[in-house]
Amino acid sequence: MTYFERIDKIISSQGKLSRREVKAAASKGRISVNGKPIKDPGLKVRETDNLTLDGLQVTYDPFVYIMMNKPEGYVSSNDQPGLPTVFDLLTDAERKRGLFCVGRLDRDTVGLLILTNDGDAAHQLLSPKKHVEKTYYFESAEIVSDDDAESLINGLELADGLVTKETKLELFSDRRSGLITLTEGKYHQIKRMFGATGNKITFLERKRFGGIDLDDALKRGELRELTNEEQEILLKIVIRR
Ligand code: URA
């Protein structure tokens with residue numbers, strides 16, 4: 001990885017200090033580049049430069065990719081004040097890294113949620129042009145008939161006129177549960193699709209996103225960084241400009 005990046009961005013992205021704190025640290029001579037204290041936190045350094053904070057080397061790991069097993073009752077955005085958000089489940093250091101969710105899960109939906117501070121990757125993974133597959137385990141109030149299954153698979157018209165794309169559907173033997181895979185992610189899409197067949201989703205859990213499986217070892221509310229292998233799988237979808 002080669003980079004040429006602002007000192008305040010590098011230090012704050014590592015979750016050590018906020019940008020304001022970096023400024024204060026620089027003015028006190030706590031930050032050096034190649035042994036020389038610097039005053040301007042906006043200065044850019046490259047990876048071959050030796051950047052130190054309080055004499056300790058700061059290495060730049062620009063992006064972080066996290067898998068969370070989202071619990072029920074948490075929203076996956078910051079725009080509904082007063083409700084617990086998935087960001088409440090992060091440590092302070094993780095919160096300082098400027099993470100956001102790659103797509104949303106409803107408050108009552110559980111399972112695989114990816115968080116990152118890589119805006120370009122997130123944008124592309126959510127782009128309808130990329131057709132990224134998302135697989136959900138569902139339970140429904142009523143039996144899914146053959147006709148309903150066909151509609152869910154081939155696409156159907158929602159109440160607002162939106163016509164859904166083809167899906168993959170695997171019904172379990174009780175016909176009230178199964179796996180559904182979408183390549184799009186419209187608001188409440190699965191609930192609305194089942195609603196359009198006169199059925200109702202009673203439980204929804206995301207199991208897979210873009211080739212990455214929810215880690216069974218993660219309990220609800222737990223999270224971990226993606227492994228290198230998982231990062232590769234995810235980032236294969238992304239074109240870097
Ligand atoms: N579809 C839904 O209805 N809700 C989700 O959270 C995800 C997909």
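This passage looks at the ligand and its surroundings in a predicted model.

Start with the overall layout. The protein chain splits into domain 1 (4–57), domain 2 (65–128 + 211–235) and domain 3 (133–209). Domain 1 and domain 3 have their C-alpha centres 50 Å apart. As for the ligand, its shell takes at least three residues from each of domain 2 and domain 3, and the ligand itself sits in the largest pocket.

Now for who is actually there. Around the ligand are L105, D106, T109, Y136, H188, Q189, I190, K191 and L204. Sorted by class, that shell comes out as four nonpolar, three polar and two charged residues. Helix α6, spanning residues 189–196, is the top contributor to the shell, putting in three residues.

The polar contacts bring in both side chain and backbone. On the side-chain side there is D106, with a polar atom 2.7 Å from a nitrogen atom of the ligand. Backbone atoms take care of ligand oxygen: a backbone N or O atom of K191 lies 3.1 Å from an oxygen atom of the ligand, and for Q189 a backbone N or O atom is found 3.4 Å from an oxygen atom of the ligand. As for how much of the ligand is covered, it exposes 240 Å² when taken alone, and the protein buries 95% of that.

Put together, the picture is of a ligand in the largest pocket, with residues of domain 2 and domain 3 in its shell and D106 offering a polar side-chain atom to a ligand nitrogen at 2.7 Å.

Technical notes: Residues numbered from 1 in each chain as written. Predicted model: local features only at pLDDT ≥ 70, side-chain atom pairs only at ≥ 80, totals over all residues. Heavy atoms only, no water. Near = heavy atom within 4 Å. Polar contact = N/O pair within 3.5 Å; in protein donor to acceptor, adjacent residues only side chain to side chain. Areas by Shrake-Rupley, 256 points an atom, 1.4 Å probe, with all protein chains shown as cover. 1 Å grid on protein atoms, 1.4 Å probe; cavity = no way out; pocket = protein on both sides within 12 Å on 5 of 7 lines; lining within 4 Å. Sits in = over half its atoms within 2 Å of the grid points. Helix = DSSP H or I, 4+ residues; strand = E, 2+ residues; numbered from the N terminus. Nonpolar A, V, L, I, M, F, W, Y, C, P; charged D, E, K, R; others polar. Domains from an automatic or database assignment.
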